[in-house]
Amino acid sequence: MPEILLVLSSAGAFAQTPSPADSARPQQYTYIEKMPVFPVLAPGDSTVPSNQRFRRFVNADVHFPAKALRDGVSGRVFFSFAVNAQGRTQDIKLVKGLRDDVDAEVLRNAHRLDAIQWEPGTQNGRPVTVSFTVPISFNINEKQAVKTLGDSLDTGRYDHQVAFPLSSWESKRWPAPKGKGMIYGTCLQRLGGTSSLGVAEYVRLVNLTTHKSVSFSVKPAMKSRRENGFFYALPAGRYALHLYVYPDKIWGPYRLYFENLRKPVAPSPNAPLRQTRYQFTVESGKVHYVGTWNLANENQPEFLDEKYQIDPAIQAYFPQFNFKEAVLALPQ
C-alpha cells in the first residue's frame, strides 16, 4: 500500500461531570487530573505509553480506499469520541470530513473502539467522561503509490476469459467467429536464467469496451524456443496490455511472476489510461498483426513491426486467412 500517514492526538479533550448547581448540564474542564488509559492488548505493551497503544490500535486497521488513492486524494479527517465514567467508548462521530469513501473508512475503523474497555479518567478523584478529537491525515507517498497502484487496471476486478487458438479449428469452418477478430504475432519470452523452466507463459489483456480480461499463451509449455508465434480469436474492442505472466527462476518452475506491462513513463493515479498502458483495437471479422512483443527485459516491453518476416510462415499454416491484408495494430 502507498504510505498513509496517520496523525492521532487528543486535541480538545474535556471532561464532563454533573454540576452541583445544575445536574442537567454537564460541566466542562480544560484540565483533566488523570486522562483515560488505553488498555494493554498485547504482551510487552505494559511498558508502552497509553497514547502510543491507542495510536497503534487505530493505525493497525485503517485503509486508504482504492478509488481515493487512485484519485490522488489527500488531507485530514477529524472524528471525535468520548470515554465515559465506566471506561466505555461512546459518541463516535465525524467532526470534519474529506470525501464520502474516506470518511466512511475512518468511521468504520473508529468504531473498533466500541469494544475497548479503558481505565476511565478522573477529576478530583472521581471518574468522569473525557472527550477526544482525533485528526487522521491521508498523505500519499508518490513513488510508492506509482509502484503499487499505477493506474486503474491495478485496482479493477474483471471477468476473466481464456482466448482460443485458431489452430484447433478445421479449415472448412468460417474463419471469423461472430463478434470476434483475430490477432497474430510473435513473442520474445523472458527466460528464467537459461531456460523457461518448461512452463507456459501468458499475457493478460483487459478489454476496455467490455471490461473483461483475457489471457493467452505467448509461449507453450515444454517449448525451448525463445521466440514463439501466436494466433488467437478475441472479442472485438479496445484492449490494454495488463500483465506478463512467466516463471521466475528464483521461485522455481511451479510459481509464476506477474509483471505489469506499462509504458516507460512513470504512471500517475490521475493519468488517463492511454498514458500508462499500451493499447490496440480489435475489429470484428478482421485479422490484425500486433507485432513482435519483446518481453525479454524486465519492465522494458517493445513492440516491433516484423510483419514481412512472419507472414509467409503463418500463411502456410492458415491458408484460409489473407495475412497480406491484415490490419497493422501494434500496441501504442
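**Exercise 1. Find which residues the ring pairs link into a cluster, then characterise one pair.**

Step 1. In this predicted model, ring pairs link Phe216, Phe230, Tyr232, Tyr239, Tyr278, Phe280, Trp293 and Phe303 into a cluster. Rings of Phe, Tyr and Trp (its six-membered ring) pair if their centres lie within 6.5 Å; planes under 30 degrees apart are stacked, over 60 edge-to-face, and the rest tilted.

Step 2. The structure holds 26 aromatic pairs. In one of them, the rings of phenylalanine 54 and tryptophan 118 have centres 5.8 Å apart and planes at 45 degrees, so this pair is tilted. Phenylalanine 54 sits in helix 1 (residues 50-59), tryptophan 118 in the loop between helix 3 and strand 5; they are 64 residues apart, and the pair links distant parts of the chain. Helices (H or I, at least four residues) and strands (E, at least two) are DSSP runs, numbered from the N terminus.

Step 3. Now take a pair from the cluster. Tryptophan 293 and phenylalanine 303 are edge-to-face, with 5.8 Å between centres and 85 degrees between planes. Tryptophan 293 lies in strand 16 (residues 287-294) and phenylalanine 303 in strand 17 (residues 302-304).

Step 4. Check burial. Buried means under 20% relative accessible area, exposed over 50%, and partly exposed in between (1.4 Å probe, protein chains only). Tryptophan 293 is buried at 0%. Phenylalanine 303 is buried at 13%.

**Exercise 2. Determine which strands pair with strand 10, and in which sense.**

Step 1. Strand 10 spans residues 201-207; 5 of its 7 residues are buried, so the rest of the structure largely encloses this strand.

Step 2. Two strands pair if DSSP finds at least two bridges between them. Strand 10 pairs with strand 11 (residues 212-219) in the antiparallel sense over 7 bridges. Leucine 205 stands opposite valine 214 of strand 11.

Step 3. Look at the hairpin. It has 4 residues between strand 10 and strand 11, and histidine 211 takes a positive phi near 60 degrees.

Step 4. Turn to strand 13 (residues 237-247). It runs antiparallel to strand 10, joined by 6 bridges. Here arginine 204 has leucine 243 as its bridge partner.

Step 5. Histidine 242 also belongs to strand 13. It is buried, with a relative accessible area of 8%. Its contacts (heavy atoms within 4.5 Å) beyond four places in sequence include Arg204, Leu205 and Val206.

**Exercise 3. Where do the buried residues of helix 3 fall, seen down its axis?**

Step 1. List them. In helix 3 (residues 100-110), Val102, Asp103, Glu105, Val106, Asn109 and Ala110 are buried.

Step 2. Project them. The buried residues of helix 3 fall within an arc of 160 degrees, so they line one face. The arc is that of the directions from the helix axis to the C-beta atoms.

**Exercise 4. State how confident the prediction is, and where pLDDT stays below 50.**

Step 1. pLDDT is the predictor's confidence in each residue, from 0 to 100. The chain's mean is 78, and 71% of its residues reach 70 or more.

Step 2. Residues 1-29 have pLDDT below 50; the model gives this stretch 71 contacts beyond near neighbours in sequence. Over residues 167-172 pLDDT also stays under 50, with 5 contacts beyond four places in sequence.

Step 3. Apply the conventions. Residues are numbered from 1 along each chain as its sequence is written, and side-chain values use heavy atoms, without hydrogens and water. Local features need pLDDT of at least 70 and side-chain atom pairs 80 or more, while totals for chains, interfaces and linings use all residues.
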